[in-house]
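Me: Hi! Could you walk me through this one while I have it open in the viewer?

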Amino acid sequence: MAVMTTATVYADFAAGEAHGVSPAYERLAEAVSRDDELIALLDQLPEAKRQPNLLFGVVRWLGGPVDEPDTFRAYALANWAVISAAMRARATQTNEAGRCAVLLPVLAALPQPLALLEVGASAGLCLYPDRYAYRYGDQVVGSGEPLLDCAATGIAPPDALPRVVWRAGIDLNPLDVTEPADVAWLDALIWPEHEHRRDRLRAAASVAAADPPLLVRGDLVDDLPALAAQAPDGATLVVFHSSVLYQVPQPRRDAFVDVVRELAGHWLALEAPDVLGLDGLPTPPAPGFHNVLSLDGTPLAYARGHGQALTWFAPSLTP
Ligand SMILES: C[S@@+](CC[C@H](N)C(=O)[O-])C[C@H]1O[C@@H](n2cnc3c(N)ncnc32)[C@H](O)[C@@H]1O
């Protein structure tokens, strides 16, 4: 497979992920992709640390400007030592409760009750699909907060929430929504124009703070079997992950798939189309970035990155 240059990564991010979703990040990423000086600085970082979301999140976290390329560039060059140190120390851990709107149709269709185990859980905000409310077009499911909007096609939304009796997560660096520093980092990772996502973060964080999940510091391959063994009998174990495996090297992704397939229960994934090498994917419903929802390795639907749209293409709800 051809290795992407850093300039191409930024150009693709601008055109694929940020276009139509964050005009500010689209402008910044486009400008960075053509900026030899910034690209040379980024190329001094390990490859996994060069991502647009990490650079822009760190600059936001430091209080730097992210609206216009010129002021961003001046700030980045003047403060590169502190920016690059923070990029080396941190990772993108965006925790997007909105992705629960994409997981919900499958979770609601599985035998209840559920024991949820999320790998790459960040602060665990996707572990509360039963506590949030959802609006699919004009159909509302649940009555909690936040209310998650999702434009769904090809599927009838569930008419009831799942019943969750156990929730646990693994992360290399679990975040704690009761720690102001962790919430500040989660906030910095939200794209500039997305005030609705900031409101959602606050609402979902209060749900998690009121009933904290079991969050384990560990690796999604090495530490999964021991945590899964703690799931209660009499519940359907669902191991799930969203927007995680792109951060995991290919040999470890393969090892994870081997481990998760050995477990009793189901495996629900919401990941970029290329990371799991799934066969038989149809053409995405629109230009721009999409994740693929799959259950036990069978692809079911495309979804926009933050759970704002779901396009079902599988013949049935579960394989
Ligand atoms: C982009 S965040 C996604 C968080 C959450 N799944 C969501 O959709 O909101 C990816 C998370 O995966 C975690 N992660 C990456 N590699 C991991 C590994 N090998 N084991 C456990 N967690 C990992 C990161 O620390 C980060 O918190």
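Me: Where is Ser122 placed?
Reply: Ser122 is in the loop between β1 and β2 (133–136). Helices (H or I, at least four residues) and strands (E, at least two) are DSSP runs numbered from the N terminus. This is a predicted model, in which local features need pLDDT of at least 70, side-chain atom pairs count only at pLDDT 80 or more, and totals for chains, interfaces and linings use all residues. Residues are numbered from 1 along each chain as its sequence is written, and side-chain values use heavy atoms, with hydrogens and water left out.

Me: What is phi of Ser122 near?
Reply: Phi of Ser122 is near 55 degrees, a positive value in a residue other than glycine.

Me: Which residues does a cis peptide bond with omega of about -5 degrees join?
Reply: That bond joins Gln112 and Pro113. Pro113 sits in the loop between α7 (100–109) and β1 (114–119). The peptide bond from Glu145 to Pro146 is cis too, with omega near 0 degrees, and Pro146 is in the loop between β3 (139–141) and β4.

Me: Switching to the ligand, which residues are the closest?
Reply: Gln93, Glu96, Arg99, Asp171 and Ser242 are the closest of the 21 residues that surround the ligand (a heavy atom within 4 Å of it). By class, that shell has six nonpolar, ten polar and five charged residues. Here Ala, Val, Leu, Ile, Met, Phe, Trp, Tyr, Cys and Pro count as nonpolar, Asp, Glu, Lys and Arg as charged, and the others, Gly among them, as polar.

Me: How many Å lie between a polar side-chain atom of Ser242 and an oxygen atom of the ligand?
Reply: That pair is 2.4 Å apart. A nitrogen atom of the ligand is 3.0 Å from an N or O atom in the side chain of Glu118, and an oxygen atom of the ligand is 3.3 Å from a polar backbone atom of Thr94. The cut-off for a polar contact is a pair of N or O atoms within 3.5 Å. Taken alone the ligand exposes 600 Å², and the protein buries 96% of that (Shrake-Rupley, 1.4 Å probe).

Me: Okay, empty space next. What volume does the second largest pocket have?
Reply: About 190 Å³. On a 1 Å grid over the protein atoms alone, a pocket is an open set of points with protein on both sides within 12 Å along at least five of seven lines, while a cavity is a set where a 1.4 Å probe fits but cannot get out. Points are joined across faces, edges and corners, and the volume is the space filled by probe spheres set on them.

Me: Which element gives the most to the lining of that second largest pocket?
Reply: α9 does, with three residues. The elements giving two or more residues to this lining are β4 (147–153) and α9 (195–210). Lining residues have an atom within 4 Å of a point, and here they include Val21, Pro146, His194 and Arg197.

Me: How many cavities of 30 Å³ or more does the structure hold?
Reply: One. About 40 Å³ of space lies in the largest cavity, and its lining includes Asn95, Leu125, Ile190 and Arg200. By class, that lining has five nonpolar, one polar and three charged residues.

Me: Last one: what is the radius of gyration of the protein chain?
Reply: The chain has 19 Å, which agrees with the value near 20 Å for a compact globule of 319 residues. The radius is taken over C-alpha atoms, and the globule rule is 2.2 Å times the number of residues to the power 0.38. The C-alpha trace spans about 55 × 40 × 40 Å along its principal axes.

Conventions: Polar contact = N/O pair within 3.5 Å; in protein donor to acceptor, adjacent residues only side chain to side chain.
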